Amino acid sequence: MKISDKMAVSIHYTLTNSAGEKLDSSRGEEPMVYLHGYGQIITGLENALKGKEIRDKFNTTIAPADAYGELREDMLKVVPMSMFEGMDKVEVGMQFHADANEGVDVVTVTKIDGDQVTIDGNHPMAGEALTFDVEVMDIRPATADELSHQHIHGEGCNH
Ligand code: ZN
């Protein structure tokens with residue numbers, strides 16, 4: 001069986017950035033399961049998995065445009081400290097959920113200059129070329145329920 005749309009796919013992966021630092025890994029935990037063809041994982045990784053079979057192992061480096069996007073200057077905003085009223089403290093590196101036009105995004109405080117707070121709405125991995133070391137663990141057709149819900153059912157999620 002090869003990976004194609006509407007398959008439930010289980011993979012183990014290790015993610016490193018261009019500096020070779022490990023950012024994430026499923027090794028030592030349950031494999032990650034996703035529904036292929038629904039944009040649930042980054043585009044570059046989904047494309048690389050297409051046509052692969054169980055026990056296939058591969059390594060792929062994905063450009064920012066097919067990962068979490070390029071860094072965008074217009075995602076940086078300077079807001080007054082009064083926006084954070086009610087918080088004990090505001091520090092560089094803190095992350096907040098902010099209501100954006102297209103939903104809720106995570107923003108990171110990157111600079112504080114007196115009353116001026118710079119927040120960055122870029123994804124923390126934006127601008128990074130990401131390398132995935134992948135092993136395909138399982139492939140099965142998704143169930144009708146899973147397709148109608150557009151996610152995989154399993155332990156802890158079977159609604
Ligand atoms: Zn469901």
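This passage walks through a predicted model, from its zinc site to its charged side chains, its backbone and some distances along the chain.

A good place to begin is the metal. The zinc ion is held by three histidine nitrogens, namely ND1 of His 149, NE2 of His 151 and NE2 of His 153, at 2.0 to 2.1 Å. Along the chain, these donors follow the spacing H-x1-H-x1-H. Two of the histidines can also be described by their accessibility. His 149 counts as partly exposed because its relative accessibility is 31%, and this value lies between the limits of 20% and 50% that bound the class. His 153 has a relative accessibility of 12% and therefore counts as buried, the limit for that class being under 20%.

Charged side chains offer a second way into the model. A search of the whole structure finds 5 salt bridges, and three of them are described here, beginning with Glu 146 and Arg 140. The side chains of this pair meet at 3.0 Å, N to O. Glu 146 has a relative accessible area of 2%, so this residue is buried. Its partner Arg 140, at 28% relative accessibility, counts as partly exposed. This salt bridge thus joins a buried acidic residue to a partly exposed arginine.

Another salt bridge links the side chains of Arg 72 and Asp 74, again with an N to O distance of 3.0 Å. Arg 72 is partly exposed, since its relative accessibility is 43%. In a further pair, Lys 89 and Glu 91 meet at 3.9 Å, N to O, which falls within the 4 Å allowed for a salt bridge. Lys 89 counts as exposed because its relative accessibility is 51%, and the cut-off for that class is over 50%. Glu 91, with a relative accessible area of 39%, is partly exposed.

Other acidic residues gather at the surface. Asp 24, Glu 29, Glu 30 and Glu 155 form a negative surface patch. Two members of the patch show how it relates to the strands. Asp 24 sits in strand E2, which spans residues 22–25. Glu 30 belongs to the loop that runs from E2 to strand E3 (32–35). The relative accessibility of Glu 30 is 68%, so this residue counts as exposed. Asp 24 is partly exposed, because its value is 32%. Asp 24 can also be placed relative to Tyr 13, which is 11 residues away along the chain, with 8.1 Å between the two C-alpha atoms.

The backbone has two points worth a look. Lys 6 is not a glycine, yet its phi is positive, at about 70°. This lysine lies in the segment before strand E1 (7–16) and, at 47% relative accessibility, counts as partly exposed. Arg 55 is likewise a non-glycine residue with a positive phi, here about 80°. Arg 55 is found in the loop between helix H1 (43–49) and strand E4 (57–62). With a relative accessibility of 66%, Arg 55 counts as exposed.

Distances between C-alpha atoms help to relate separation along the chain to separation in space. Gly 37, in the loop between E3 and H1, is 10 residues from Asn 47 in sequence and 9.0 Å from Asn 47 in space. Gly 37 counts as partly exposed, as its relative accessibility is 39%. Ala 63 lies in the loop between E4 and strand E5 (76–80). Its C-alpha atom is 20 Å from that of Tyr 38, a residue 25 positions away along the chain. Ala 63 has a relative accessible area of 43% and is therefore partly exposed.

The last example comes from strand E6, which covers residues 95–100 and includes Gln 95. Gln 95 and Val 107 are 12 residues apart along the chain, and 5.6 Å separates their C-alpha atoms. Gln 95 is partly exposed, because its relative accessible area is 47%.

Key: Residues numbered from 1 in each chain as written. Heavy atoms only, no water. Patch = residues over 30% accessible without salt bridge, like charges linked within 9 Å, V, L, I, M, F, W, Y side chains within 5 Å. Areas by Shrake-Rupley, 256 points an atom, 1.4 Å probe, with all protein chains shown as cover. Lys, Arg positive; Asp, Glu negative; His and termini not counted. Charge placed at Lys NZ, Arg CZ, Asp CG, Glu CD. Helix = DSSP H or I, 4+ residues; strand = E, 2+ residues; numbered from the N terminus. Buried < 20%, exposed > 50% of the residue type's maximum accessible area, 1.4 Å probe, protein only. Donors = N, O, S within 2.8 Å, 3.2 Å for Na, K, Ca; no water.
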